[in-house]
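Colleague: Before I head back to the bench, can we go through this one together? I'd like to hear what each term stands on.

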Amino acid sequence: MSTSSGHIIIVVGAGPAGMAVTNMMAKAGHDVIVLNRDIKFGGLAEYGIFPSKLKLRGGLKKQYWDMLEQPNVHYFGNVSVGKGKALTVEELRSLGASAIVFSIGAQGTKTIGVEGDSAKGVFHAKDVVYHFNQLPGFGDRPFDMGKHVAIIGVGDVMVDIAHWLIRYKKVERVTAIARRGPLERKYNPKEIRAVCSNVDLEGLKKEFDRIRQRLEAVAQRPDEVLKGMTDEFIKCEPKISDTRMGFRFLASPKRVLVDASNRVRALELEETKLEPKGEDTAAVGLKQFYEFPVDSVVFAVGDKVDETVGLPYKNGSFVTNPAKTGNDPDDSLFQAYDETSGKIVEGVFLAGWARKASEGLVGVAKRDGEWCAEVVMRYLGGKSQLPKASAGEVLKKIRQMLSTRGTHAVDIKGLRALDAAEKDHAKAGDCIGEFKFTTNSDMLARIEKYAGKSPASVGR
Ligand SMILES: Cc1cc2nc3c(=O)[nH]c(=O)nc-3n(C[C@H](O)[C@H](O)[C@H](O)COP(=O)(O)OP(=O)(O)OC[C@H]3O[C@@H](n4cnc5c(N)ncnc54)[C@H](O)[C@@H]3O)c2cc1C
Ligand SMILES: NC(=O)c1ccc[n+]([C@@H]2O[C@H](COP(=O)([O-])OP(=O)(O)OC[C@H]3O[C@@H](n4cnc5c(N)ncnc54)[C@H](OP(=O)(O)O)[C@@H]3O)[C@@H](O)[C@H]2O)c1
């Protein structure tokens with residue numbers, strides 16, 4: 001691959017969006033430096049997608065290896081960018097790269113502001129997902145689930161967590177709590193197959209009877225909605241636990257109620273009704289509150305971006321340029337924007353869930369990365385920009401800074417060594433899916449052992 005353009009693009013975050021940007025920019029002949037918080041690439045493709053989905057995960061992994069092994073791509077795993085991290089946004093901007101793309105996903109925790117949400121037994125979905133996917137920092141931490149777990153939200157993340165609770169933790173009961181009704185469920189019908197053999201069908205019918213009048217009030221037909229919902233319970237994975245799964249609809253969580261040791265004992269729910277809102281519906285509280293006994297709560301209500309990184313931030317998102325350019329895709333949607341100065345942050349772009357938190361599947365993040373790459377290429381070409389620094393100079397500066405800060409960056413050779421080490425251990429593991437080392441220090445030690453190098457020298 002030729003690197004004749006001379007431009008250097010820094011991509012921060014090696015999830016599906018960042019990998020798409022990297023691939024497009026590398027194929028266009030630019031040098032691409034990828035900085036990734038995790039040692040491994042893949043983002044949620046590695047640490048989000050349910051671990052037993054081996055075919056999907058394996059396919060993505062293979063594509064990402066191919067992308068990263070291009071000679072003009074330079075991978076640095078185990079490098080976090082942000083305030084107080086290995087490198088700051090300002091430091092990156094001072095390196096002389098032609099453009100920087102932030103594709104760091106949505107790492108912030110979205111809370112819905114209910115009292116008691118820090119009690120023992122309350123969890124946030126991303127942390128739980130990181131736990132069962134063995135992300136360092138989460139894999140070896142106890143996630144002490146009780147007997148009856150309430151999951152707030154009815155999207156695909158709820159289904160993944162129910163999958164883990166039902167098929168691996170084998171808890172007694174799981175209840176998905178929806179502030180709206182069954183018609184507004186957000187999960188993909190195919191995903192429910194992982195848990196549908198555990199759904200308590202009698203309980204579901206009773207739940208529909210409980211909310212029947214409120215559905216009819218907005219011209220929904222409860223019997224048809226129930227049929228539509230249960231018709232999706234086909235090709236259910238065989239039942240392997242006695243866990244009963246239920247749904248509570250038109251129920252908005254108001255408080256987490258705790259016992260004397262600050263452990264969850266119930267959720268306080270408010271009855272809601274539906275009101276039409278354009279083509280959609282909104283949940284409206286009825287000021288009728290009741291206790292719903294559970295001993296654990298998982299909030300699966302989506303995520304927000306990490307406001308501590310040092311990019312302009314507002315209301316759960318990084319700020320993008322409000323002035324449309326009319327191009328397709330519109331450049332403004334990908335340009336970081338500083339509202340204080342009223343200017344775009346020159347040369348800084350956003351892609352994937354860093355641009356729109358919790359939005360869509362891997363394919364959507366990939367397409368977003370590709371659109372972002374188109375915008376960056378227009379930026380490089382439109383201004384006839386000359387490269388500001390050589391790849392060698394920028395790489396040297398990054399290595400110096402990381403070395404000064406004692407950051408053990410991992411390059412693609414190191415990742416190959418880690419991959420070999422994990423495959424060797426695969427038979428010994430009792431995890432879901434593939435075997436993974438659960439701490440960075442374990443990974444760095446295996447890289448050292450397998451590659452015959454010290455971790456500090458990897459990434460050079
Ligand atoms: C639980 C769950 C299950 C899913 N299952 C599926 C599925 O089965 N099929 C499907 O198609 N889609 C699935 N998705 C959706 C899919 O994972 C996302 O669409 C996609 O991963 C988003 O890609 P991204 O690159 O924007 O962000 P991410 O995948 O989150 O990648 C972000 C990357 O940025 C890095 N990073 C974060 N912060 C920093 C920092 N400060 N400095 C440097 N690097 C940083 C991270 O290490 C990570 O590598 C799932 C999502 C979730 C939450
Ligand atoms: N297996 C897969 O393919 C897979 C797995 C996981 C994730 N994903 C993808 O990742 C994306 C994110 O998924 P997600 O499940 O996190 O998000 P999601 O699909 O947006 O679902 C979020 C759920 O949380 C509810 N919610 C939000 N705010 C709430 C509040 N304040 N109070 C009560 N409930 C609230 C929502 O209800 P309302 O509808 O009322 O807002 C909705 O039911 C989706 O695109 C999903 O498809 C895919």
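Modeller: Happy to. Two strands pair if DSSP finds at least two bridges between them; the helices (H or I, at least four residues) and strands (E, at least two) are themselves DSSP runs, numbered from the N terminus. Keep in mind that this is a predicted model, where local features need pLDDT of at least 70, side-chain atom pairs count only at pLDDT 80 or more, and totals for chains, interfaces and linings use all residues. Residues are numbered from 1 along each chain as its sequence is written, with chains lettered from A and ligands numbered from 1 in the order in which they are written.

Colleague: What makes β9 and β10 a pair, and in which sense do they run?

Modeller: Two bridges would do, and strand β9 (residues 251-258) and strand β10 (residues 264-277) have 7, in the antiparallel sense. They count as paired, then. You can see one match-up at Arg255, which stands opposite Glu268 in β10. The hairpin has 5 residues between these strands, and Asn262 there takes a positive phi near 60 degrees.

Colleague: How many bridges join β10 to β11?

Modeller: There are 11 bridges from β10 to strand β11 (residues 280-293), and the two run antiparallel. Leu274 has Ala283 in β11 as its bridge partner. This hairpin has 2 residues between the strands, with Gly278 in the turn at a positive phi of about 60 degrees.

Colleague: How do you know where the edges are in the sheet β5-β12-β6-β7-β8?

Modeller: Count partners. The 5 strands form an open sheet with parallel pairing, and β5 (122-124) and β8 (244-248) each have a single partner strand, so one side of each is left without a neighbour in the sheet. Inside it, strand β7 (residues 173-177) is joined to β8 by 5 bridges, running parallel, and Val174 is partnered with Met245 in β8. Helix α6 packs on this sheet, touching β6 (148-152), β7, β8 and β12 (296-299), at about 170 degrees to the direction of β7.

Colleague: What do "touching" and that angle stand for?

Modeller: Contact takes C-beta atoms, placed from the backbone, within 7 Å. Angles run from 0 to 180 degrees between N-to-C directions, with axes as lines fitted to C-alpha atoms, for helices over the stretch in contact.

Colleague: Which strands are the edges of the other sheet, β3-β2-β1-β4-β16-β15?

Modeller: That one is an open sheet of 6 strands with mixed pairing. Its edge strands, β3 (73-77) and β15 (335-338), each pair on one side only. Neighbouring strands are turned by 30 degrees against each other on average, direction ignored. Strand β1 (residues 8-12) and β2 run parallel with 5 bridges, and Val12 stands opposite Leu35 in β2. Helix α1 packs on the sheet, touching β1, β2, β3 and β4 (99-102), with about 165 degrees between its direction and that of β2.

Colleague: What makes a residue part of the shell around ligand 1, and which ones are closest?

Modeller: Near means that the C-beta atom, placed from the backbone, lies within 6 Å of the molecule. By that test 36 residues surround ligand 1, the closest being Gly13, Gly15, Gly43, Gly105 and Gly352. Elements giving two or more residues include α1 (16-27), β2 (31-36) and α6. The split is 19 nonpolar, 13 polar and 4 charged; Ala, Val, Leu, Ile, Met, Phe, Trp, Tyr, Cys and Pro count as nonpolar, Asp, Glu, Lys and Arg as charged, and the others, Gly among them, as polar.

Colleague: And which residues come nearest to ligand 2?

Modeller: Gly153, Gly155, Asp156, Val157 and Val301, out of 22 around it. Helix α6 (residues 156-169) gives the largest share of that shell, 4 residues. By class, the shell of ligand 2 has 9 nonpolar, 6 polar and 7 charged residues.

Colleague: Which domains does the shell around ligand 2 draw on?

Modeller: Domain 1 (8-107 + 305-409) and domain 2 (122-299), with at least three residues from each. The bounds come from an automatic or database domain assignment. The C-alpha centres of domain 1 and domain 2 are 34 Å apart, and their contact takes 4 residues from domain 1 and 7 residues from domain 2.

Colleague: Last one: why is the chain called as compact as a globular protein of its length?

Modeller: The chain has 12 helices and 16 strands. Its radius of gyration is 24 Å, close to the 23 Å that the globule rule gives for 460 residues, so the label fits. The radius is taken over C-alpha atoms, and the rule is 2.2 Å times the number of residues to the power 0.38.

Terms used: Two residues are in contact if their C-beta atoms, placed from the backbone, lie within 7 Å.
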